[in-house]
Amino acid sequence: MTDLLALSYPWVKSLHIMAVLSWMAGLFYLPRLFVYHAERGRNGEAEPATSLAIMEDKLLRLIMRPAMILTWIAGLLLVATPGIVDWSMAWPWTKAVGVIAMTWFHMWLAGQRRLLQAGQGLTGRRYRMMNELPTILMVVIVLSVILKF
């Protein structure tokens with residue numbers, strides 16, 4: 001099994017990077033859609049809010065969720081590859097915390113989509129503020145992996 005992991009490492013790493021890029025694009029874009037939805041929904045514009053709800057649902061279900069799952073699967077395969085991770089260093093732990101926080105944010109967004117559908121979401125300003133969280137997490141994760149501190 002370890003030979004197979006070592007041989008497939010470049011392919012799994014490539015898949016991991018592509019999945020992360022897709023997931024991150026959704027994590028950046030979905031809160032922006034929430035801003036528009038919250039602001040238009042409160043102004044009584046039902047039709048634009050309905051179109052946004054469809055966009056939010058498709059982004060979450062068809063792009064973000066599969067990308068998150070692929071990110072996790074490929075990431076765990078990379079971790080299982082012998083010689084890749086030195087668990088005595090800090091970087092794998094900071095990356096793990098960042099990825100878990102990113103997954104929590106994904107789940108929070110899914111919950112917020114349901115609240116917006118029920119007319120109970122946050123304000124546009126609050127969604128703008130929350131939109132900064134994936135950027136902070138991305139910085140922590142990328143620095144952890146590249147600098148290997």
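**Notebook: helices, core and surface of a predicted model**

I began with isoleucine 146 and found this residue in helix α5, which covers residues 133-147. I note at the outset that the model is predicted.

**Entry 1: the surface at α5**

I looked up whether isoleucine 146 is buried or exposed. Its relative accessibility is 63%, so isoleucine 146 counts as exposed, given that the cut-off for exposed is over 50%. I then looked for a nonpolar patch on the surface and found one of about 640 Å². Ile146 belongs to this patch, together with Met138, Val139, Val142, Leu143, Leu147 and Phe149.

**Entry 2: the residue after the helix**

I turned next to lysine 148, which lies in the segment after α5. I recorded its phi as near 45°. This is a positive value in a residue other than glycine. Lysine 148 has a relative accessible area of 37% and is therefore partly exposed.

**Entry 3: the largest nonpolar core**

How many residues form the largest nonpolar core? I noted 24 residues. Those that touch the most other members are Trp23, Leu27, Leu30, Met64, Met102, Leu109 and Tyr127. I then looked up which helices supply this core, and found that α1 (2-42), α2 (46-80), α3 and α5 each give at least two residues. Helix α1 contributes the most, with 8 residues.

**Entry 4: tryptophan 23 and threonine 103**

I listed the contacts of tryptophan 23, leaving out residues up to four places away in sequence. Among them are Met64, Ala67, Met68, Thr71 and Trp72. The list also includes Val99, Met102, Thr103 and His106.

I followed one of these partners, threonine 103, which lies in helix α3. Is threonine 103 buried or exposed? At 14% relative accessibility it counts as buried, because the cut-off for buried is under 20%. With residues up to four places away in sequence again left out, threonine 103 touches Trp23, Met68 and Trp72. Met68 and Trp72 also appear among the contacts of tryptophan 23.

**Entry 5: glutamine 112**

I closed with glutamine 112, found in helix α3, which covers residues 91-117. Its relative accessible area is 7%, so glutamine 112 is buried. Which residues does glutamine 112 touch, not counting those up to four places away in sequence? I recorded Phe34, Gly121, Leu122 and Tyr127. Of these partners, I had already met Tyr127 among the core residues that touch the most other members.

Methods
Residues are numbered from 1 along each chain as its sequence is written. This is a predicted model: local features need pLDDT of at least 70, side-chain atom pairs count only at pLDDT 80 or more; totals for chains, interfaces and linings use all residues. Side-chain values use heavy atoms; hydrogens and water are left out. Patches are made of residues with over 30% relative accessible area and no salt bridge: like charges are joined within 9 Å, nonpolar side chains (Val, Leu, Ile, Met, Phe, Trp, Tyr) within 5 Å. Accessible areas come from the Shrake-Rupley method with a 1.4 Å probe; for residues, only the protein chains shown count as cover. A salt bridge is a side-chain nitrogen of Lys or Arg within 4 Å of a carboxyl oxygen of Asp or Glu. Helices (H or I, at least four residues) and strands (E, at least two) are DSSP runs, numbered from the N terminus. Buried means under 20% relative accessible area, exposed over 50%, partly exposed in between (1.4 Å probe, protein chains only). Contact means heavy atoms within 4.5 Å. A nonpolar core is a set of buried Ala, Val, Leu, Ile, Met, Phe, Trp, Tyr and Cys residues joined through side-chain atoms within 4.5 Å.
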